[in-house]
Amino acid sequence: MFSVLDMFTIGVGPSSSHTVGPMRAARGFADALETAGLLERVERVRVTLYGSLSLTGIGHGTDRAVMAGLEGNLPDVVDTEYMLRIRETAALDHTLNLAGRRRVPFDYDADMVFEQWKRLATHPNGMRFVAYDAAMTPLSEQVWYSIGGGFVRLGHADDPLIGIHDRSARDAVPADDANAPESDMDGVPYPFSSCDELVALCRTRRMSIAELVWANETAQRSEHEVRERIERIWQVMRDCVHHGCVSDKLLLPGGLDVPRRAPKMYERLSSNADVLARNRRRVDAVLESSDAAWVNLFALAVSEENAGGGRVVTAPTNGAAGIIPAVLHYYWHFVDSADEQGVADFLLTAGAIGYLFKRNASISGAEVGCQGEVGVACSMAAAGLAAVMGGDPAQVENAAEIGIEHNLGLTCDPVGGLVQIPCIERNAMASNTAINAVRMAMLGDGSHIVTLDQAIRTMKQTGEDMMAKYKETSKGGLAVNVVEC
């Protein structure tokens, strides 16, 4: 069964599709070599990055992530400081510690190939791994796809190549559809594949979305395991906000010399009243007090940690990792009734909405643009907040729909291929949009014209029509209109 908590995975910045996914894929290839008994025969490994991974891979740290994965690391436990210097470490003796067990020759310039002109037809985020013996005879070859949110899929070595901007052929296998088959909710008491189905189930069973999702989760794993996972997600989010607020690193890496703003903003805001130093601040109601400045701070703190290669929760992607933590911190610090159960309900509800986007459209910026990242996170956050503010399933659906509707068409055009401009500010803007969406939904009875399912279909269609240069290639938009200094 697909767990909605898979929409929240603990990883490392700056990108879920370009850092987290490739690291998992590389680790999968290394594990396959070991399982097949080939590790001792390997004398060289070559990696080819295609499509968006090639065009913006340097800025997103794809090369470093792949190297770390080949050495046996995983995103949730990798030493983030080591990742930042892994290229330089490998260059000292031109080797990699394959699977963490065997030193093999590795020439970065020859063995890390950035294919600039062709991509694999199946998905724009593709990569090929080949292991050779001493005679440079291939021992093993695998193709992997990073399909958004840190999710990966094993492809076929003979998957076809097309021109990198070829619009004549659609993706051979829609990436997220391949990970969400009809049976992806087998074995659960309340399966659903659309928001209409989800709301109808809640109505007939007289359950909240969080209660229904909890029943599905605990049908496959123990209550203790589910609760522990939720607590771990929440703790990493809190740690990330704190680290971003107190970081002593002045500039973000990558060459744009973008300054961190969260530490100075935190210093200024906390001089009046330090929200983070207290359990929470009492306010009369969510509808009367937004404290947008603090929400901006929470989002910027996480986004800057992500851009700096820190530990974050992919929610549902790294490029949008600041939105859900920001809105959840808003609930925790500014809503009088906030408690741990509310945090769990928030994440379970948001996860259900994220699941619907992943199943029926995409959360990959390389497939549908930033509407699939920031837009989806905004929708998820709005749903979670509406739920813990007492919204019924119809109001939750309404808030989620408002959240995505006003992000439709959002392009992914990172300057310099870095998850910095405009990504960081977009997280702050979308966080406050999510809160405003909740205000609008909570002041109504849940009835509205456009459904979330219709908005999700629209997002997918819009993404298919969007030109490739606006989908995480840094070939259009702000990426070509901002002079890099």
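User: Which side chains meet in a salt bridge here?

Analyst: The pair is Glu81 and Lys249, whose side chains meet with an N to O distance of 3.2 Å. Keep in mind that this is a predicted model. A salt bridge is called when a Lys or Arg side-chain nitrogen lies within 4 Å of a carboxyl oxygen of Asp or Glu, and the 3.2 Å of Glu81 and Lys249 can be read against that cut-off.

User: How many salt bridges are counted between domain 1 and domain 2?

Analyst: The count between these two domains is one. Polar contacts add to the picture: five residue pairs are found across the interface of domain 1 and domain 2, with both residues of a pair at pLDDT 80 or more.

User: Which elements supply the side of domain 1 that touches domain 2?

Analyst: Those giving two or more residues are α1 (16–35), α3 (57–60) and α5 (80–93). The most comes from α5, with three residues. By residue class, this side of domain 1 divides into eight nonpolar, ten polar and two charged residues.

User: Let me step back, then. Where do the domains run along the chain?

Analyst: The domain assignment places domain 1 at 16–163 and domain 2 at 195–470. Their contact draws 20 residues from domain 1 and 19 residues from domain 2. As for spacing, the C-alpha centres of the two domains are 30 Å apart.

User: What area is buried between domain 1 and domain 2?

Analyst: About 1,400 Å² is buried between them, and carbon and sulfur atoms give 54% of that.

User: Which residues does UniProt list for the serine dehydratase beta chain domain?

Analyst: The unreviewed UniProt entry lists residues 3–153 under "domain: Serine dehydratase beta chain". In the model, that stretch is 37% helix and 28% strand, and its end C-alpha atoms lie 17 Å apart.

User: Now the backbone. Which peptide bond near Pro14 is cis, and how do I read it?

Analyst: The general idea is that most peptide bonds are trans, and most residues other than glycine have a negative phi. Here, a cis bond joins Gly13 and Pro14, with omega about 10°. Pro14 sits in the loop between β1 (9–12) and α1. Another cis bond runs from Ala315 to Pro316, where omega is near -5°. Pro316 belongs to the loop between β11 (311–314) and α13 (323–334).

User: And what is the phi of His94?

Analyst: His94 has a positive phi of about 55°, although it is not a glycine. Look for His94 in the loop between α5 and β3 (95–98).

Notes: Residues numbered from 1 in each chain as written. Predicted model: local features only at pLDDT ≥ 70, side-chain atom pairs only at ≥ 80, totals over all residues. Heavy atoms only, no water. Domains from an automatic or database assignment. Contact = heavy atoms within 4.5 Å. Buried area = accessible area lost by both parts, 1.4 Å probe. Polar contact = N/O pair within 3.5 Å; in protein donor to acceptor, adjacent residues only side chain to side chain. Helix = DSSP H or I, 4+ residues; strand = E, 2+ residues; numbered from the N terminus. Nonpolar A, V, L, I, M, F, W, Y, C, P; charged D, E, K, R; others polar. UniProt positions renumbered as here; feature names shortened; annotations may be inferred.
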